[in-house]
Amino acid sequence: MSDKLPFEFFLSPEFGADPYAVYAGLRAEGPVHAIDFPPGASAFVVVDYEHARPALNDPRLSKNLASGPEWFREAISQQNPVLGDNMLMSDPPDHTRLRRVVSKAFTPRRIERLRPRVQAITDELIDAFEGDTVELIDAFAFPLPIIVICELLGVPDRDRADFRRWSGALVTPAVNEELARSRDEASDALRAYFTRLIAERRAAPTDDLVSVLVTSDELSEREVLSTLALLLIAGHETTVNLIGNGMLALLRNPDQLDLLRAKPKLLPNAVEEFLRYDAPVERATFRIALEDMEIAGTPIPKGSFVHISIGAAGRDPKAFDRAESLDVAREDNRHVGFGHGLHFCLGAPLARMEGQIAFGSLLARLGDIRLACPEEQLSWRFSGSILRSLAALPITI
């Protein structure tokens, strides 16, 4: 590619609706391309599996906000001030320390204990479906993970609607004054809410995630606050996308829907396939080159932004047989939907369990499922070209 792809292109509805066609074209030209994202900076995107996977765990690519230029640090601080001091935006040794503390709240035993509760929430949501048409995102895909993460955090039922609204505002690109104002208001409200909750748990710890963090002597107040905001957003937004994107993939491939319904034992394979086929996280969060380096022979100057497309890697035909086809029985699915290496998603076991229960219950209980509108009427939420999800998914049952 001779010219850089412009910044606006990555936020366009056209790209959000089908980034895979764009990435296929780029991949045919080479695995690494210069882009104008952020605008005016030295930036590159990796679009093949062979180089994306190791890049996700390359120590030369920093996740530390302090590694970026001053204008970038200021921009992030203004856009999401509550998200600057957590393990997603850190390198070792800080990342090691932060992840060690948070991992205590995501032990396999703690997650497995949630299985009956996740199933109960799923059943309650399906029980509440009314009529022959259901908007699946609003009625199911959003409430399931937000209820689960709020219960893990110890957030009262009455506050879940606020959490959902704040999270949505924080991940929506502030492309105009109204959205910027909503983002700032959400950031301030979330900071105030968590500050009160932290104080309450310090005074009287319980068995929730907030208590695990505040009773640790390894995290500062800012780090606790930022980690809670990260857990809220990452703990439900990605699962919303997994359910919505995965269900649409099944509706587009009725043979695979029928196969999964007939063979529920394929549910674990199916969830992994949804993560590969239409990744909830389309692009990994920022990385910055700490030194002059090369990826696939492309020079990457020190200080450059390196974007790793998880979605593009998942559709790479050199890594996956019939990469453009959905196959719920796919074996040895080495996708990077949860990242790879040091920053592999800590909540992956929870997301997998939620996904398996959600799809298993929907297919077992709803009978025939069809899209309730022409497919061209579907629209996508594309949060800064990182999170990619349906704005709505109306189904007929």
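A residue counts as buried here when its relative accessible area is under 20%. Keep that cut-off handy as you click through this predicted model.

Start by selecting Phe72: its relative accessible area is 10%, so Phe72 is buried. Now add Trp71, which is partly exposed at 43% relative accessibility. The two rings form an edge-to-face pair, with 5.9 Å from centre to centre and 80° between the planes.

Next, pick Phe129 and Phe140. Their ring centres are 6.3 Å apart and the planes meet at 75°, so this pair is edge-to-face. Phe129 sits in the loop between α7 (115–127) and β4, while Phe140 belongs to helix α8 (residues 136–141), so the pair ties together parts 11 residues apart in sequence. Both are buried: Phe129 has 14% relative accessibility, and Phe140 comes in at 0%.

Since you're beside that loop, show β4. This strand is part of an open, three-stranded sheet with antiparallel pairing, in the order β4-β12-β9. β4 (133–135) and β9 (370–371) are the edge strands, each with a single partner, so one side of each has no neighbour in the sheet. Three bridges hold β4 to β12 (residues 394–396); to see one partnership, select Val134 and Ile395.

For more rings, select Phe7, Phe9, Phe10, Phe15, Tyr23 and Phe37, a cluster linked by ring pairs. The whole model has 19 aromatic pairs.

Finish with two arginines. Arg164 lies over the face of Phe142, 4.2 Å from the ring centre. Over at Tyr277, the charged end of Arg315 sits above the ring, 4.1 Å from its centre.

Note on methods. Residues numbered from 1 in each chain as written. Predicted model: local features only at pLDDT ≥ 70, side-chain atom pairs only at ≥ 80, totals over all residues. Heavy atoms only, no water. Pairing = 2+ DSSP bridges. Helix = DSSP H or I, 4+ residues; strand = E, 2+ residues; numbered from the N terminus. Phe/Tyr/Trp six-rings, centres within 6.5 Å; stacked < 30°, edge-to-face > 60°. Buried < 20%, exposed > 50% of the residue type's maximum accessible area, 1.4 Å probe, protein only. Lys NZ or Arg CZ within 6 Å of the ring centre and 35° of its normal.
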